[in-house]
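Reader: I would like to understand how the aromatic rings in this structure are described, and what the reasoning behind each label is.

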Amino acid sequence: METDHKLIIYQLLPRLFGNTKTLNKINGSIEENGVGKLNDITDKALQEIKSIGFTHIWYTGVIEHATMTDYTAFGIANDDPDIVKGRAGSPYAIRDYYDIAPDLAVDVHNRIGEYEALIQRTHNNGLKVLMDLVPNHVARTYASDTKPKGARDFGQDDDTGKAFEPKNDFYYIPGQPFVVPAGYNPGGDEFTSPLKDGRFNENPAKATGNDVFSATPSINDWFETMKLNYGVDYMNNRNGHFDPIPPLWNKVYDILCYWSQKGVDGFRCDMVEMVPIEFWAWVIPKLKTAYPGIVFIGEAYDKSKYYDYIFKGAFDYLYDKVGLYDAIRRLTRNEYGSSTWEINNVWNNHCQGIDQHMLRFMENHDEQRIASGDFAGDGWLAVPGMIVTATLNVGPVMIYFGQEVGEAAPGNQGFSGNDGRTSIFDYCGVPEHQKWLNNGAFDGGRLADHQKKLRGFYQTLLNTVHSNEALKNGSFYELMMANEHQPGFDQLLYIYMRYTNNQYILVITNFNRDSRKIRVKLPDDLLIKLHINGKKEFIDLLSDTKFSTDDIQVGVEIELPGTSGMLLEMR
């Protein structure tokens, strides 16, 4: 695992990132609503991303996935729209693990070459590349036409007469054909295709991605995907058959090697808890032996399994969604009963001993935009939460493109309704992000002043994290209990210290909508441990505001505006 610096990750969907079209017609086609290309992510774009303080970019949705767009002119067979979600299709319904989505290429025939060039361009600009691994499921139309010579396709050697067989790549429902869920109208009324007939030829049916072992998944299931078989017999007490190693394991290892050879620096792995831990314990060390320094990030939600996926499964980092994200969201929304003591509960309980392995965020492609009415309604309300998210520990922090300018994801985009999320299923523009994009100038030329200031906040925060050792790899000391009886303290303030031998930074955030004044005390054991005494001055690394005390043992008087925070370096 990388320990020399903190990962600061920028997540972007190339399909959306460079798109300049603003029509945003519901269920609009690629021609109507436009699409971003890999080549849109220019040196200038990468320099601007780097300037905010990022170390890594997660290029989301670059592998070829099922789509309603016709690429038969390029020798790519059409997908059946009855099993595709949205005109563009879900990036998590992979159709060919060895290929790049044709949507993203200027020259479709050179789509892999354009991705290789983007990897090189990213590296040349001092950034590292993360990409998706979607190990649990693939599109129902999965078929690789670019796989290396000698590679066997998923399912190519399966015995389809058996519901479960350790050597099979898929699970089957013998004797039953797949049934498209009733009520699905792919692409809306305007979209027409000879293939849009409410049927899909799959016999016998394969099990659906979200563990539905039936030929008739519902419209609310991941019906567009098929679950992959890592040797777990779900119909028989989930017994594992891992000796000999199932053929699928080596196929996925080969895919990881394929992209690692192209210079990818790490993988964000989708829904890791739906894949047996024995596979991760086998594949991650094996790949790291071949490619030292490669990073594995797991999307995980079951707190009871975190330790196993880190210490047995060998993941470097896991999502901290069911923990810090949920607590910060409640505080940011000013929900009744929310309290910063919930943050203590995160690192003190379900992340105890593994806090440094947790990836923190306030937005990603699955979650609602902070500025949407479904979340907070204003990107500025994220300031205290973002300070905690970025500085609580040494683990990674991630920002979703557009978050830094207050993108609100307005309107219904098609398969993705008006739900406060930027659609991953539809062709669409991202309105506030496009003001920064400014027709490919990447100069923020159309941003309002308040958006420029918000982006400036993110730039200052992330660069401060990136360049200060106490925040990057220092220790953590909780200061809530030392201050809970101080005048002015309430449960919407959060206070802690990050420190090394050379640097002490006092972090204080105010989730209240109005200002608070408090004399912050450092407990005697901390003062003794760090050899701190006498007169001290503090400077806020975010604003250059100064505070001082004649005697640190008495504390330091701090006044914080509403929904704000400070990173106070002790001088």
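Reader: How many aromatic pairs does a search of the whole structure find?

Author: In this predicted model, searching the whole structure gives 42 aromatic pairs.

Reader: What makes Tyr115 and Trp259 an edge-to-face pair?

Author: Their ring centres are 5.7 Å apart, and a pair requires centres within 6.5 Å; their planes stand at 75°, and over 60 degrees counts as edge-to-face, so the pair is edge-to-face. This pair links distant parts of the chain, with Tyr115 in helix H4 and Trp259 in helix H5, 144 residues apart.

Reader: Why is Tyr115 called buried, and why is Trp259 called buried?

Author: Buried means under 20% relative accessible area; Tyr115 has 0%, so Tyr115 is buried, and Trp259 has 1%, so Trp259 is buried as well.

Reader: Which label fits the aromatic pair of Tyr171 and Tyr234, and what are the values behind that label?

Author: The pair is edge-to-face, with 5.6 Å from centre to centre and 80° between the planes, where the label asks for an angle over 60 degrees. Tyr171 lies in the loop between strand S6 and strand S7, Tyr234 in the loop between strand S10 and strand S11, and 63 residues separate them.

Reader: How do you know whether Tyr234 is buried or exposed?

Author: The relative accessible area of Tyr234 is 16%, and the limit for buried is under 20%, so Tyr234 counts as buried.

Reader: What places Arg329 over the face of Phe375?

Author: Arg329 is at 4.6 Å from the ring centre of Phe375, and the distance condition is within 6 Å.

Methods:
Residues are numbered from 1 along each chain as its sequence is written. This is a predicted model: local features need pLDDT of at least 70, side-chain atom pairs count only at pLDDT 80 or more; totals for chains, interfaces and linings use all residues. Side-chain values use heavy atoms; hydrogens and water are left out. Rings of Phe, Tyr and Trp (its six-membered ring) pair if their centres lie within 6.5 Å; planes under 30 degrees apart count as stacked, over 60 as edge-to-face and the rest as tilted. Helices (H or I, at least four residues) and strands (E, at least two) are DSSP runs, numbered from the N terminus. Buried means under 20% relative accessible area, exposed over 50%, partly exposed in between (1.4 Å probe, protein chains only). A charge sits over a ring if NZ of Lys or CZ of Arg is within 6 Å of the ring centre and within 35 degrees of the ring normal.
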